[in-house]
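Colleague: Thanks for sitting down with me. Could you walk me through how the labels on this model were earned?
Modeller: Gladly; let us put it up and go through them together.

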Amino acid sequence: MKVLIKAPLSIFTGYGNDGIGLAEAFIRMGADVVLQPTHVQAPLPKEVAELLAKPVEAPFDLTIHHVDPGALNSSETLKESSGAFIGWSMWEYTNLLNHGKQDTFKEKWKHYDMVIGYDDVSVGAFKEYFDGPTPKLQGGYNPENWPVAERDWFEDNFYFCMLGSLTVRKDPYLAIAAFTQLQNEHEDFKKYAR
């Protein structure tokens, strides 16, 4: 299978990490991976960096375009040279009204076979501008770079920390509500949870 990935490549951004992760996943599958990066920032894993020297020659069995919704821009040429042509993105809000480019989305997305969103919030925002399938596929998580934490898993106190944007998509309020519910329902949790 020959796969074209159009995405940023950077360990410093979410989309860039996903571009690297997609390339690595398809390499592990044994696919013939071709890159057409929208942005490149060193350092890159060696197996991904080596793909930058590979020519971009159609046809492709699959093309994945993974960028911000405003940068998703399908083309008839890529549609014709790809067995499947997929746009994949995420959005923090329930609609794209505050994006500023929403009047162009229907036209720019019309050649995709599907537009994938990370979650229900993203998918809901995309459906207004794309008539085809809009499935959900979470991206953005690679545990390989997280250090192993040594701790006493049997100590009395349970520590909880959440870091992220206060947006509907990340929904920290759901975690806060669950934490509060556990405190109300379980005396031990209330006593030891921090």
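Colleague: How many salt bridges does the count come to?
Modeller: The count comes to five salt bridges. Please keep in mind that this is a predicted model.

Colleague: What makes D113 and K79 a salt bridge?
Modeller: The rule asks for a side-chain nitrogen of Lys or Arg within 4 Å of a carboxyl oxygen of Asp or Glu. In this pair the closest N and O atoms are 2.1 Å apart, so D113 and K79 qualify. D113 sits in the loop between α4 and β7, and K79 in helix α3, so the salt bridge ties together parts that are 34 residues apart in sequence.

Colleague: Why are D113 and K79 called partly exposed?
Modeller: Buried means under 20% relative accessible area and exposed means over 50%, with partly exposed in between. D113 has 26% and K79 has 30%, so both fall in the partly exposed range.

Colleague: How do you know that D120 and K136 form a salt bridge?
Modeller: Their closest N and O atoms are 3.2 Å apart, and the cut-off is 4 Å, so the pair counts. D120 belongs to helix α5 and K136 to the loop between α5 and α6, 16 residues apart, and the pair links distant parts of the chain.

Colleague: Why do D120 and K136 get their accessibility labels?
Modeller: D120 has a relative accessible area of 56%, which is over 50%, so D120 is exposed. K136 has 49%, which lies between 20% and 50%, so K136 is partly exposed.

Colleague: What about E107 and K110?
Modeller: Their side chains meet in a salt bridge at 2.7 Å, N to O, and that is within the 4 Å limit. K110 is partly exposed, at 46% relative accessibility.

Colleague: Now the sheet. Why are β3 and β7 called edge strands?
Modeller: Five strands form an open sheet in the order β3-β1-β5-β6-β7, with parallel pairing. β3 and β7 each pair on one side only, and that makes them the edge strands. Neighbouring strands of this sheet are turned by 20 degrees against each other on average, direction ignored.

Colleague: What makes β1 and β5 a pair of strands?
Modeller: Two strands pair if there are at least two bridges between them. β1 and β5 have four bridges, so they pass, and the pairing is parallel. L4 has T63 in β5 as its bridge partner. β5 also pairs with β6 in the parallel sense, over six bridges, and F60 stands opposite S82 in β6.

Colleague: What makes β5 mostly covered?
Modeller: Six of its seven residues are buried. Helix α1 lies across β1, β3, β5 and β6, running at about 160 degrees to β5. Helix α5 packs on the sheet too, touching β6 and β7.

Colleague: What makes the nonpolar surface patch, and how does M162 enter it?
Modeller: F158, F160 and M162 make a nonpolar surface patch of about 290 Å². A patch residue needs over 30% relative accessible area; M162 has 41%, so it clears that cut-off and counts as partly exposed. M162 is found in the loop between α5 and α6.

Colleague: How do you know that V168 touches E92, T94 and V121?
Modeller: Contact means heavy atoms within 4.5 Å, and V168 touches E92, T94 and V121, not counting residues up to four places away in sequence. V168 is also in the loop between α5 and α6, and at 48% relative accessibility V168 counts as partly exposed.

Methods. Residues numbered from 1 in each chain as written. Predicted model: local features only at pLDDT ≥ 70, side-chain atom pairs only at ≥ 80, totals over all residues. Heavy atoms only, no water. Helix = DSSP H or I, 4+ residues; strand = E, 2+ residues; numbered from the N terminus. Axes fitted to C-alpha atoms, helices over the stretch in contact; angles between N-to-C directions. Buried < 20%, exposed > 50% of the residue type's maximum accessible area, 1.4 Å probe, protein only. Patch = residues over 30% accessible without salt bridge, like charges linked within 9 Å, V, L, I, M, F, W, Y side chains within 5 Å. Areas by Shrake-Rupley, 256 points an atom, 1.4 Å probe, with all protein chains shown as cover.
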